[in-house]
Amino acid sequence: MLAAIQNTLNDLSHFLFPHTCLGCKTDQIAHSDVLCISCSSQLPTTGFMRIQHNATEQVFLPRIPIEAAGSLLYFNTKSTTQELLHHLKYKQYKEVGSYLGNLMGMEINDSNRFKNIDAIVPIPIHPKKLYIRGYNQAEVIAEGIAKFLHLPTINNWMIKTAAIASQTKKNRVDRWQSVDQTYSLNTSFRQNFRHILLIDDVLTTGATLETCARLFIEKGIKVSIATAAITI
Ligand SMILES: [Zn+2]
């Protein structure tokens, strides 16, 4: 009897709130999936994790000595990538982060470029944003990666101290300085790790990731970088 009621409730819930693919909106997908098989196979993957001097590395290498870097997907407006990241950041769809993290973990694991990493460190978000969203999207992605690499995810080494109101009207130098003032290492930071993998959702100017990478490089720690997407 209880099972019958449960089934009816499930059917009703599926009718009222159909679970659909974030790409093509078909409802022919498993409840645990965020994309259908067809949309998953058509994701605009970069292949960067396996490629030396890729576009992600070229953002950082002229300015900071990173070990390796890569982004999983190209980000275009009105693309499936945009839809995925929009749902992760603004629609409380946390599973998208695990999905992207798992794909990144697989690619990093298959590549022989990300070697001897000790810990995965997501870029923090401001506590106010964390309160509103309920989770740090970079942290969810990092945990998805960690499962594949069998490494610890460390979330309390960096703190973000001030929210940046709007960066759109600032020039690159102004933006750099304002980012620089908002990240610092926490007192919980321990220097017994030699190589960390920094994680963020999207790579745009690279200012935030560079600022955070510098905090570790100045302490003699090697840094690699991975993002779910890169804007082009
Ligand atoms: Zn689809």
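Does His150 count as buried or exposed, and how many C-beta neighbours lie inside 10 Å of it? In the predicted model described here, His150 counts as exposed, because it has 8 C-beta neighbours inside 10 Å and a residue is exposed if that number is 12 or fewer. The place of this residue is in the loop between helix H7 and strand E3 (158-160), and His150 has a positive phi of about 55° although it is not a glycine. As a general matter, most residues other than glycine have a negative phi. A positive value in a residue other than glycine is also found at Lys78, where phi is near 60°. Lys78 lies in the loop that links strand E1 to helix H4, and this residue is exposed because 7 other C-beta atoms are within 10 Å.

Apart from these loops, the model contains an open sheet of four strands, arranged in the order E1-E6-E5-E2 with parallel pairing. The edges of the sheet are formed by strand E1 (69-75) and strand E2 (119-122), each of which pairs on one side only. From one strand to the next, the twist averages 20°. Strand E2 and strand E5 (residues 195-203) run parallel and are joined by four bridges; in one part of this pairing, Ala119 has Ile196 of E5 as its bridge partner. Helix H9 (residues 207-217) packs on the sheet, where it touches both E5 and strand E6 (222-231), and the direction of the helix makes about 170° with that of E5.

The largest nonpolar core comprises 54 residues, and those with the most contacts inside it are Leu100, Met104, Ile141, Leu197, Leu198 and Ile199. At least two residues of this core are supplied by each of E1, helix H4 (80-90), helix H5 (95-110), E2, helix H7 (137-149), E5, H9 and E6. The core also draws on both domain 1 (1-42) and domain 2 (44-231), with at least three residues coming from each. The surroundings of one core residue, Ile199, can be described in further detail: when residues up to four places away in sequence are not counted, Ile199 touches Ile120, Val121, Pro122 and Ile123, together with Ala138, Ile141, Ala142, Ile145 and Ala226. Among these contacts of Ile199 is Ile141, which is itself listed with the residues that have the most contacts inside the core.

Key:
Residues are numbered from 1 along each chain as its sequence is written. This is a predicted model: local features need pLDDT of at least 70, side-chain atom pairs count only at pLDDT 80 or more; totals for chains, interfaces and linings use all residues. Two strands pair if DSSP finds at least two bridges between them. Axes are lines fitted to C-alpha atoms, for helices over the stretch in contact, and angles run from 0 to 180 degrees between N-to-C directions. Two residues are in contact if their C-beta atoms, placed from the backbone, lie within 7 Å. A nonpolar core is a set of buried Ala, Val, Leu, Ile, Met, Phe, Trp, Tyr and Cys residues joined through C-beta atoms within 7 Å. A residue is buried if 20 or more other C-beta atoms lie within 10 Å of its own, exposed if 12 or fewer, and partly exposed in between; C-beta atoms are placed from the backbone. Domain bounds come from an automatic or database domain assignment.
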